[in-house]
Amino acid sequence: MLIVTTLIACILTALFIRLSFGVIRLRRHHKVGLGSGGVDDLERAIRAQANFAEYVPIALILMACLELNGAPLWIIAILGIAFVAGRVIHAKGINQPPPHFSNRVIGMKFTITTLIMLVIFNLAWLLLQLWS
C-alpha cells in the first residue's frame, strides 16, 4: 500500500484543482476562451498550472517507486513535504506580478532539489536492496 505517496498525491491534486479554478476564474473575468488573450494575470495563472502539471507526475512516480521498494516512510514523507512546499511557493511566486519572482525561484529550488533527492534515494535504495 502506498500510504505516503497517496497522501502527497491527494494534497497535490487539491493544489492542482485550486490552480485550475484560478485559471477558470481569470478566463471568465477577462472573457478569454483560449490562451491568455495577452492578459498578464491569466498568463501567469496558466503557467503556474502548467508548470505544476509538468513536475508533479515524475515526483509522484519516484515517490511511489521508493515506497513500493520498501524505503522508510519518514524519508518519503520528508521528500513529499519538501516537494509540496516547493510547488506551493512556486505557484504563489509565479502568480505575483513581476518583478517579484523570488518565491518562484525558491519554489523551483525546492522542486528540483527534491527531484534530485528522489533520484538519489531511489538509486541508493535500489543498490542497497540488490547488494543485500
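This is a short talk about a four-helix protein model and how its helices pack.

Before I start, please keep in mind that the model is predicted, that local features need pLDDT of at least 70, that side-chain atom pairs count only at pLDDT 80 or more, and that totals for chains, interfaces and linings use all residues. Residues are numbered from 1 along each chain as its sequence is written, and side-chain values use heavy atoms, with hydrogens and water left out.

Let me begin with the overall picture. The protein has 4 helices and 0 strands, where helices (H or I, at least four residues) and strands (E, at least two) are DSSP runs numbered from the N terminus, and the order of elements from that end is α-α-α-α. The C-alpha trace spans about 60 × 30 × 20 Å along its principal axes. Of the 132 residues, 37% count as buried, and by buried I mean under 20% relative accessible area, with exposed over 50% and partly exposed in between, for a 1.4 Å probe and protein chains only. If we take the contacts with a separation of 6 or more, 69% of them are between residues 24 or more positions apart, a contact being heavy atoms within 4.5 Å.

Now to the inside. The largest nonpolar core, that is, a set of buried Ala, Val, Leu, Ile, Met, Phe, Trp, Tyr and Cys residues joined through side-chain atoms within 4.5 Å, has 23 residues, and the members that touch the most others are Ile-8, Leu-12, Met-63, Leu-66 and Leu-118. At least two residues of this core come from each of α1 (3–30), α2 (40–68), α3 (73–95) and α4 (102–131), and α2 gives the largest share, with 8 residues. There is also a second, separate core of 7 residues, among them Leu-26, Val-32, Val-39 and Ala-45.

Which residues does Leu-66 touch, beyond those up to four places away in sequence? Leu-66 lies in helix α2 and counts as buried at 1% relative accessibility, and its partners are Ala-71, Ile-76, Leu-79, Leu-118, Phe-121, Asn-122 and Trp-125. One of these, Phe-121, is 55 residues from Leu-66 along the chain, yet their C-alpha atoms are separated by 7.6 Å. Seen from Leu-118, and again leaving aside neighbours within four places, the contacts are Ala-59, Leu-62, Met-63, Leu-66 and Leu-79.

Let me turn to α1 and its partner α3. The 28 residues of α1 should span 40 Å at 1.5 Å a residue, and the end C-alpha atoms are 41 Å apart, which agrees; the expected span here is 1.5 Å times one less than the number of residues. The buried residues of α1, including Val-4, Ile-8, Leu-12, Leu-19 and Val-23, pack against α2 and α3. The axes of α1 and α3 come within 9 Å and cross at roughly 10°, with axes being lines fitted to C-alpha atoms, for helices over the stretch in contact, and angles running from 0 to 180 degrees between N-to-C directions. That makes the two helices roughly parallel, because angles under 35 degrees are given that label, while over 145 is roughly antiparallel, 65 to 115 roughly perpendicular and the rest oblique. On the α1 side the contact includes Ile-11 and Leu-15, and on the α3 side Ile-81, Val-84 and Val-88. The residues of this contact divide into 14 nonpolar, 3 polar and 1 charged, counting Ala, Val, Leu, Ile, Met, Phe, Trp, Tyr, Cys and Pro as nonpolar, Asp, Glu, Lys and Arg as charged, and the others, Gly among them, as polar.

By contrast with those buried positions, Leu-7, also placed in α1, is exposed, with a relative accessible area of 53%.

Where does Lys-31 lie? Lys-31 is in the loop between α1 and α2, is exposed at 72% relative accessibility, and has a positive phi near 55° although it is not glycine. Most residues other than glycine have a negative phi.

Finally, α4 has 30 residues and reaches 43 Å from its first C-alpha to its last, close to the 44 Å expected. What covers its buried residues includes α2 and α3. Thr-111, found in α4, is buried with a relative accessible area of 0%, and, neighbours within four places aside, is in contact with Tyr-55, Phe-83, Gly-86 and Arg-87.
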